[in-house]
Protein chains: 2
Amino acid sequence: MDIKTVQKELKAAKLSGRLFMFGNMFIDEDILPEENQIRKLTGFTGSYALLFITPAKAFLFVDGRYELQAKKEVNLRRTEIVKLSETSLPRWLQNNFAKTAARISYNPWTITPKTLSSLQHALPRAEFIPAEDADRRLSPKKVKVFTHQKKFTGKTSKEKLAEFAAHLKKSGLDAFLVTSAANASWLLNLRSDALPYTPVFRAFVLVEKNASYKIFAENTDKEGALPFQKLAEILPLYAKIGADFSTMPAIISSFAPGIVNYPDIITDWKAVKNPVELKGVRSAHLRDGVAITKFLFWLSKNHKGKTETDITAKLLDFRKKELNFYSESFAPIAGSGANAAIVHYNPANQTPSLLKKNSVLLLDTGAQYYDGTTDITRTIALGTPSADMIEKNTLVLKAHIALASAVFPKQTGGNELDLIARQPLLKQGLDFAHGTGHGVGFFSDVHEGPARISVHAKGSAPLQTGMITSVEPGYYKENAFGIRIENLYAVKPQKGTPFLHFEVLTLVPLDKKLINKYLLTTEELNWLNRYHRQVFLSLKKYLTRQELEWLRDACSPL
Amino acid sequence: MDIKTVQKELKAAKLSGRLFMFGNMFIDEDILPEENQIRKLTGFTGSYALLFITPAKAFLFVDGRYELQAKKEVNLRRTEIVKLSETSLPRWLQNNFAKTAARISYNPWTITPKTLSSLQHALPRAEFIPAEDADRRLSPKKVKVFTHQKKFTGKTSKEKLAEFAAHLKKSGLDAFLVTSAANASWLLNLRSDALPYTPVFRAFVLVEKNASYKIFAENTDKEGALPFQKLAEILPLYAKIGADFSTMPAIISSFAPGIVNYPDIITDWKAVKNPVELKGVRSAHLRDGVAITKFLFWLSKNHKGKTETDITAKLLDFRKKELNFYSESFAPIAGSGANAAIVHYNPANQTPSLLKKNSVLLLDTGAQYYDGTTDITRTIALGTPSADMIEKNTLVLKAHIALASAVFPKQTGGNELDLIARQPLLKQGLDFAHGTGHGVGFFSDVHEGPARISVHAKGSAPLQTGMITSVEPGYYKENAFGIRIENLYAVKPQKGTPFLHFEVLTLVPLDKKLINKYLLTTEELNWLNRYHRQVFLSLKKYLTRQELEWLRDACSPL
């Protein structure tokens, strides 16, 4: 299908436009390239967009990250770029269609009732018509489903189902349809190879209040899984059924008109890691630290003549040797020189770029281990960094330490911690245009809700003991260089007080060549030296003699 | 009236109970002792409570500050204390009356529609009956109303009314009933002597979209003011009329059933001080600084044998000599020794207490000048303070400096700044049980919304250029001593950046005897020395030779 074909169909059906959301029936989760309808229609390769096609024109809605990229990738005669930094889809529709009785077609599998009703609210006179050819946009590729073993999860699926059923009873529901793939995967202790970086099993699970359940999935080897069409037969059998309208496809409401919106409690439950999961996460980070340290030693000897993709491949080789390794947890970001100033730079989408001398390399990578998910950014000096790079890296380090060593009361939201990290930068008139932290899943999404550390995430969920979050302040100088320092932390009680603080999980040295110790307070310097001592003591058993010498030097006190 | 009489009436009318809110028709604003019905009925003297009387018993609802005091003051055979720290009025009603068709009487002048509907929601089977003898609970004392001159306000009432009328037109309203006394006072540039500390004119103002207006007030010398009964005649004349349901008495809805809830924009407008107001505030703080400095010099020579109330009287004498002084801005808090550990200690309500030697004096006072409102807390060593007092005061100073020197983006809410201040205390396992800051009015309420700096005020209003806020971290050791350091600050843009920061308004030295400079970072020490230099240079012209020598020493660098 191309834009012209869509436009012909619109004219034939006397429609004002057709809306394409990003993604498939698993709303807001990762998708495969072949599931990306907007890419097929427009050529746009970014990780988020919306597309609205009218009989005369196509409108591609992109956010600040992608304004330049979209202009390069799409045919601008046929497609107009709309900036989500300046408007929103509902507002844009209101400005363009409020005065007419518009007829708008959409795919009810790829939009939530919440989003759909915001559009209906914006255009009260319009008619929103589910497209006849609407489908679930799932790749036909056969998916292998596997069990996430109890030795990793710490809890059987039976236990989780029993707790969930008890929760259902309290809520007065007969059944609940779990429509988030990550939540379904957690509940059933199942995973799959559907996606390259996120091992979730893309399924819906219908749980009854007696804890029995049905799986709905397609193109998988999971025995007993029902096709999604069966939902239309089965859902109406329950008197009182709930689902989370922020992840449920709108079409489900047409199968079960009585279905009620109810927040999926699994989102909160799975964010709090249990003791077995936390033990695994600590161990996975130790192994990840060993792999990255071996890589950093190798890099120190071998960076000349290498490209950004050469080194991410090498790092993957080191990780593959570690116990319980499964995959990378996202497309590795390796930005050298000016490329590092692009926050989500993906070298694999570019022509290979040699590592720049006398600059910094920003390396943001992660791995999925069966016993934990990692996500780490190190900024590494290659050759002799400039005084400006050293100063800015030191400021970002101060920002990192400020938040990493914070103590906070229970019920603190991530938005209430963000500015603690930003103070050292803001006091110099500097800032960075992304959040300071995100929740992290357990052998699941590397970006996992509900935790977020961002002043823009007003009213974000309170941080609780057992949650895992990244701390990743940065600084980006366009066309020059970029810096980010990211560790993962577990939230835990502060001994002898009613407060919470962070336990560091990531164990990899920070590049001292990029630190001006005279800009650090005594407390900050102590933090750094203590962290390096912990890294050294944790990793030393697992290295060759040469690697150990390199680490000893990397971790020696400043 | 006493509790027994109320109970007799309840029985005669077959009512399940009668609810008494705190305060009068000006909801959530200060009241006079003679307007305090709960005090009259129970003897409780605290500044907030709720009372619910059933035919058999009375229930007094108090918050954490007043649990002990209430037990001492009320007759416990007749009255049960209910802790608002453990329940809320709606929840308590639900627990006690949900199963019956309760008939509950209330005063519709002293409750908002918002609160009333939360009670109806808690008890859907109950009937809420406006009391027949319900009144506005306004003191019959005759009130003098006066104009707040344009040289102070910077804007005429006519200009404010024109802007407000333009806002009404945009909102599609024909008229708006301003029911907040502080907002009415701001709009009309009027003030009154109704209350001892807050010079607001307690009136309702009905503004039409053509900017004409009517004043409703009672027991005042304001010519042309209409009695409140007239509201029942006049409000129904407008097709579309709005009021803010968070300050409007519920009875108004019975006069004008079509009245719609609309936030009173004046709350936001008056929080942002205009250039004339800000100039006045700076000047008022200079004069207040002179008065307090003269007082501190006097105190250093004369504290022996003095009581807490002796010294607040003396400070008032000094303030009275300053230009544009009108009154204190709240009941002065002077707590010596263990009394300082009581956050809102009011020495005037106690038997006179001599200042303790070798301890600290916590002095939290403020003044109303025609050109600005002040609020300042200093903690002063009398004799030789203990090492613990010095350490804790230094921690509180670090907390104060951390927030006072913060830089933050636009749209930052006060809850997102609070933890910056608390870090130095939380890191020692310490905290304080009150907010870190509150907005401050202009010759008006010393506590003014919408700004608040508190991690408990989730989603609080963003701080904006021109707002004034206190910064007042503290530390309280029960039965031992208390510390608080409070300055007022104006929010202003940080030069050359898109960010905001604080401009200090309060100009009074901090007691160096209570500061251990070795616990301060270089940045903190620089802040302190810079602040003291600014205080000295600002005040030096206005002092006697002896006072100046004292100030030179008090402000010399550490």
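Here is a quick briefing on how chain A and chain B sit together, plus a look at one leucine in chain B.

This is a predicted model, where local features need pLDDT of at least 70, side-chain atom pairs count only at pLDDT 80 or more, and totals for chains, interfaces and linings use all residues. Residues are numbered from 1 along each chain as its sequence is written, chains are lettered from A and ligands numbered from 1 in the order in which they are written, and side-chain values use heavy atoms, with hydrogens and water left out.

**Symmetry**
- Turn chain A by 180°, with 0.1 Å of shift along the axis, and it lands on chain B with an RMSD of 0.0 Å (a least-squares fit on the C-alpha atoms of residues with pLDDT of at least 70 in both copies).
- That is the relation of a two-fold axis.
- Within chain A, the residue that comes closest to this axis is A:E416, with its C-alpha at 2.1 Å.

**The interface**
- Contact (heavy atoms within 4.5 Å) links 26 residues of chain A with 26 residues of chain B.
- The copies meet through the same surface, because 100% of the interface residues of chain A are also interface residues in chain B.
- About 2,000 Å² is buried between the two chains, 58% of it on carbon and sulfur atoms; buried area is the accessible area (1.4 Å probe) that two parts lose on being put together, summed over both.
- A:E416, A:L419 and A:K427 supply 27% of what chain A buries against chain B, more than any other three residues.

**Polar links across the interface**
- There are two salt bridges between chain A and chain B, counting a side-chain nitrogen of Lys or Arg within 4 Å of a carboxyl oxygen of Asp or Glu.
- B:E416 and A:K458 pair up in a salt bridge, at 2.7 Å from N to O.
- On chain A's side of the interface, the elements giving two or more residues are β20 (407-408) and α15 (418-426), where helices (H or I, at least four residues) and strands (E, at least two) are DSSP runs numbered from the N terminus.
- The largest share of that side, four residues, comes from α15(A).

**A look at B:L84**
- You'll find B:L84 in the loop between β4 (79-83) and α4 (89-97) of chain B.
- B:L84 is partly exposed, at 23% relative accessible area (buried is under 20%, exposed over 50%, partly exposed in between; 1.4 Å probe, protein chains only).
- Leaving out residues up to four places away in sequence, B:L84 touches B:Y48, B:F61, B:V62, B:D63 and B:L89.
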